[in-house]
Amino acid sequence: MRLRLRNPSVLLVALVLAACPRPSTPGESADDDGGSSTASSSSGGSSSGSSGTDAGTVVDRPDPGRTDNATRDSDCDGLSDADEYGTVWPGGARTDPGDADTDDDGVPDGVEVGRTSSVDTRCAGRFTADADPGTATDPTRADTDGDGLTDGAEDANHDGSYARTVETDPRNPDSDGDGQCDGPTTITGVCTGGDPTPAIGGSDQDHDGLPDPVDAAPTDPDADGDGLCDGPSTVAGTCSAGEDADADGFVDANETDPARVDTDCDGLVDGVAFGAFRGEQDVGTAPRNPDSDGDGLPDGLEAGVTVAPDPSCTSFVADADPGSTTQPVQSDSDGDGVPDGAEDSNHNGRVDPGELNPALAADGQAEATTKEACALEKLVSVDREYNGEPDLQVVTAVRGNDAFVEQSTVTVPGAGGARTPAGQLGFNPVAGVAYLVVNRAPGGGAPDADETAVRNTLNGIGAISTPITYEFTTWDGYPAVHATYEMAGAVGVKARVNAVLAALLPGADGQLSALGDITAGSNGLHVEAEYVRRSAQTAVTVLAFIPQDRLTGTGRFAAADLADGSALGQYADALGVQCDRFTTSAYAALEILWAVDNSASMSDEQGAVAAGAQAMRQKLDGATVDWRTAVVDSGFYNPRGTADTPACTNQSCGDTTEHQCREWTRDMDRFSAWFTRGQASWVGAGGHCNQAREEVIRSAQLILSDPAQGTATFMPPVTTENPLRLRQGANLVLIILGDADDQYYDNAGAAAGITAYETFFRALPVSSLTVGGITCPDGSCGEAQRTPHVVTGFLNRFGGVQGSLKNLASIAPTVNAILDAALANVSPYQLSRAAVSSTIKVAMDPSSTVGPCNWVDVPRSRDSGFDYDSRTRNLLFFGNCRPDPNQPGKRVAVSYRYWVDLTPDADPPPGPCQACSQCPGLSICDLSACACSCTQALTCSAGYAWNAAACDCMCDARGLDCPPTHHADLSLCACTCKPDCGGCDTAGICQASLCECVAPGG
């Protein structure tokens, strides 16, 4: 505990005098067996004190001669008996180990000193913990700051913290800094006694309870005219209390904005109605919550509001049918079990085709599937972890005991010795996932620079392999990179998170407890990562760790959900509830075109693709797609002429090494042969058909061109299936496999070439396009590369998944990630809002799936269940839980939480002056300069010295003047006993309780 006491006349100082009188023993000594018979104290107070329950309970008779006083707390005040016997306060005073409130000020001794626990187990249920252990008062002096008010009178609830504007500060004689002492006593040079408003301070011209120095409109009690006074006081005939409830000049999380008529932008005025505008107080809704009943519909829309009372509210939604309204304080207006927002699924206030009527019970009661997913009692519970100063919020799901039950705030060293919040850690023991989210200085010009920097840091802790990345835009519009890695080390996930935190933020604390850690096996850890660039000043990193051997269970999704962009918001952002309803449809046509570097250096990489062919087939066969695959090689752009024997040709596709393309097929054995060296149809032709220049994107462009410049072509698409043509309306996947960069454009034309390729592929007549690559992104594969890197630039234009082929083991996971992205792109089940993925719940009509499935709560599974892609907002179905394509038109209902963006500023200040949020010591906020100002320079008591940076009296080791038996403890600002009392002579024994050397038997 760090003591920072603010009394200019008598600050709390722990002085150990050179010659201290031995205290008398209160009561009789305890029984030899350590019994707990109750006794009264004889040293300045009764055993229960003079302040009722605040004084604690005596559970034993204190005795300075006991050898176990360090673990005894006879009066249950939080100070061990050894502490109370061995510490001498100013004037030679000691606390009484038999009286929990020695100075009878109403505040227990331990609360005054900052104790949060008792060393004595017998005090369980009897001990009062300090609610603010960073502050302390003198337990032997009833009026620590000398202003004429006892500490208990100032800390009215005796909890060790002081509530600003409600209580005064027992450490500071002038809590509000207005020159008037809190109590009746005048302190020369500091303040004059008798402040009538000591907890608020300053003049208040408009009598709204908001002091003029922090009142934006000091002569107008209701600046925005919403019927609520700007401060906490009612002004008769004008407004009722009040917007800034704690009168501090800040709009806190539970307050409305005195400068805005509609703080939550729901269409209702914060207070009472005026003019044509309705008020929250009249309707009974919450002025800080745009959706008071949590049904997904804004309060004003439910009340029929069509015009925003606050024109600056860009999020306001007008009611499209004001003649039909619902109850803004009742989530299910018609009582059919389905929330109003689930029935009005597009949230416009009108019953549109395909929607249920929130004012008609009959239609909702007939929708069993919708009720299973969307009834309020069926929603997935959530946990929201906030950090205001680093502007972070993380949302995770709570499913029974499957939750992030351990959370910790990360802090780093700040100005003046303070700690500044910088992020948070979390741990889920059921899923085996530990995570960290930290706000860091950006590592370069874009989030990919942050990814590179953090990957290098991780690699220094445990070797990183199989990096797979893609770029995306977060739900609130910020550029970001997602990455996955495999990380070596048979270590605990909590231990690894703690180590990574220390490396990313030197000096950080808030590490997770070592208890209950889950250790990875020999395969190490899987890492999910998200890097968000909010501004030139702010970069957010999210890292989730899970043992590789747990990736087959729910832990996989717990880790992925943290870093997929959906769990992270800003501090002030809100959550809404949404229900979407779909009807099932036929499977999508998916065409997978491989553009393959066929040079001799690629045979091993091609073989790795062949080895994973059956896994690809299994994945695709278990999804909602009708798929085919084909290949074009990098020699397609310019094969050798017909003079070759045998000839190489790009004028037709065939399964021989003389052909540069392979036709569309569903036969994965045939596909595997294309990628296997030694097979007659091997795509890596080599020899006379090999070309010196690799142009993988150019070759794909040619085979998809119409007309195709004299080459074989898959264009134009045809309605009747043809192995040599794309299917009309199909979705296209382009997978690039090559160790060299595309060389069609030279360095001078590379940037323009990326744009030309993008333009061509975006214009293709396909329903959707997914691109991905297995390449050499860092250019270290010994093959020709361009500057800028053409393939990487092309992939990034489409947000394509990119993996490295430098490690053959990374090829299969990269292919899997590319196919995941493709399956998401083609799904027809797109949610209307960006869901927090962990909160999604899905229900389907009974018997509407291809096999047995829990239709009332479809499992999250890529084997047999559903999953969600946050980039596209699409749901995917797998295995038995796929909708039966032969039964189109069946119902699918989905509930989830979604983000409400209430923070348009990437770096919002927490209040009018961000710099004033944590003014140190006695400094105050200068609102005109928006800075902390230290206007006092106090004379400090013995043991303390004035510190201008801290604007406070801080512990001074030299001033403590500790005797030889003690040493200075700056954390307590006291002289504490040295081991063995500093070294007793051969004839002496250390009496630990009193820190004295005594003769044997003495």
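Here is a short walk through a predicted model, one selection at a time.

**Stop 1: a helix on the inside**

Start by selecting residues 555-563, which make up helix α11. Seven of its nine residues are buried, so the rest of the structure largely encloses this helix. Color the buried ones if you like: Gly555, Phe557, Ala558, Ala559, Asp561, Leu562 and Ala563. What do the buried residues of α11 pack against? Bring up these strands and you have the list: β2 (392-398), β5 (433-440), β7 (479-487), β8 (525-533), β9 (539-547) and β19 (865-869). Before you leave, click on Gly565, just after α11, where phi is positive at about 95°.

**Stop 2: α13 and α18**

Now show residues 613-621 (α13) together with residues 811-826 (α18). The two helices pack with their axes 11 Å apart, at an angle of about 20°. Angles under 35 degrees count as roughly parallel, so that is the label for α13 and α18. Where α13 passes α18, the crossing is right-handed. Turn on side chains to see who meets whom: α13 brings Met616, Lys619 and Leu620, while α18 brings Val815, Asn816, Leu819, Asp820 and Leu823. Sorted by class, the residues of this contact are five nonpolar, one polar and two charged.

**Stop 3: α16 and α17**

Next, pick residues 750-762 for α16 and residues 790-797 for α17. Here the axes are 9 Å apart and the packing angle is about 40°. Are these helices roughly parallel or oblique to each other? Given that angle, they are oblique. The crossing of α16 past α17 is right-handed. On the α16 side, select Ala750, Ile754, Thr755, Tyr757, Glu758, Phe761 and Arg762; on the α17 side, take Val790, Gly793, Phe794 and Arg797. The contact of α16 with α17 comes out as six nonpolar, two polar and three charged residues.

**Stop 4: a three-stranded sheet**

Switch to cartoon view for this one. Three strands line up as β11-β21-β18 in an open sheet with antiparallel pairing. The edges are β11 (574-583) and β18 (841-844), each of which pairs on one side only. On average, neighbouring strands in this sheet are turned by 20° against each other, ignoring direction. Zoom in on β18 and β21 (residues 891-900), which pair over four bridges. Which residue of β21 is the bridge partner of Lys841? Select Ser895 and you have found it.

**Stop 5: a hairpin**

Move along to residues 944-947 (β24) and residues 952-955 (β25), an antiparallel pair with four bridges. Asn947 sits opposite Asp952 of β25. Four residues lie between the strands of this hairpin, and Cys951 has a positive phi near 50°.

**Stop 6: a lysine in a loop**

Finish on Lys978, in the loop between β27 (974-977) and β28 (989-991). Its relative accessible area is 30%, which means it counts as partly exposed. Leaving aside residues up to four places away in sequence, Lys978 touches Pro964, Thr965, His966, His967 and Cys995. For a last distance label, connect the C-alpha atoms of Lys978 and Ala992: they are 14 residues apart along the chain, and the separation is 9.4 Å.

Notes: Residues are numbered from 1 along each chain as its sequence is written. This is a predicted model: local features need pLDDT of at least 70, side-chain atom pairs count only at pLDDT 80 or more; totals for chains, interfaces and linings use all residues. Side-chain values use heavy atoms; hydrogens and water are left out. Two strands pair if DSSP finds at least two bridges between them. Buried means under 20% relative accessible area, exposed over 50%, partly exposed in between (1.4 Å probe, protein chains only). Contact means heavy atoms within 4.5 Å. Axes are lines fitted to C-alpha atoms, for helices over the stretch in contact, and angles run from 0 to 180 degrees between N-to-C directions. Angles under 35 degrees count as roughly parallel, over 145 as roughly antiparallel, 65 to 115 as roughly perpendicular and the rest as oblique. A crossing is left-handed if the near helix is turned anticlockwise from the far one by less than a right angle, and right-handed if clockwise. Ala, Val, Leu, Ile, Met, Phe, Trp, Tyr, Cys and Pro count as nonpolar, Asp, Glu, Lys and Arg as charged, and the others, Gly among them, as polar.
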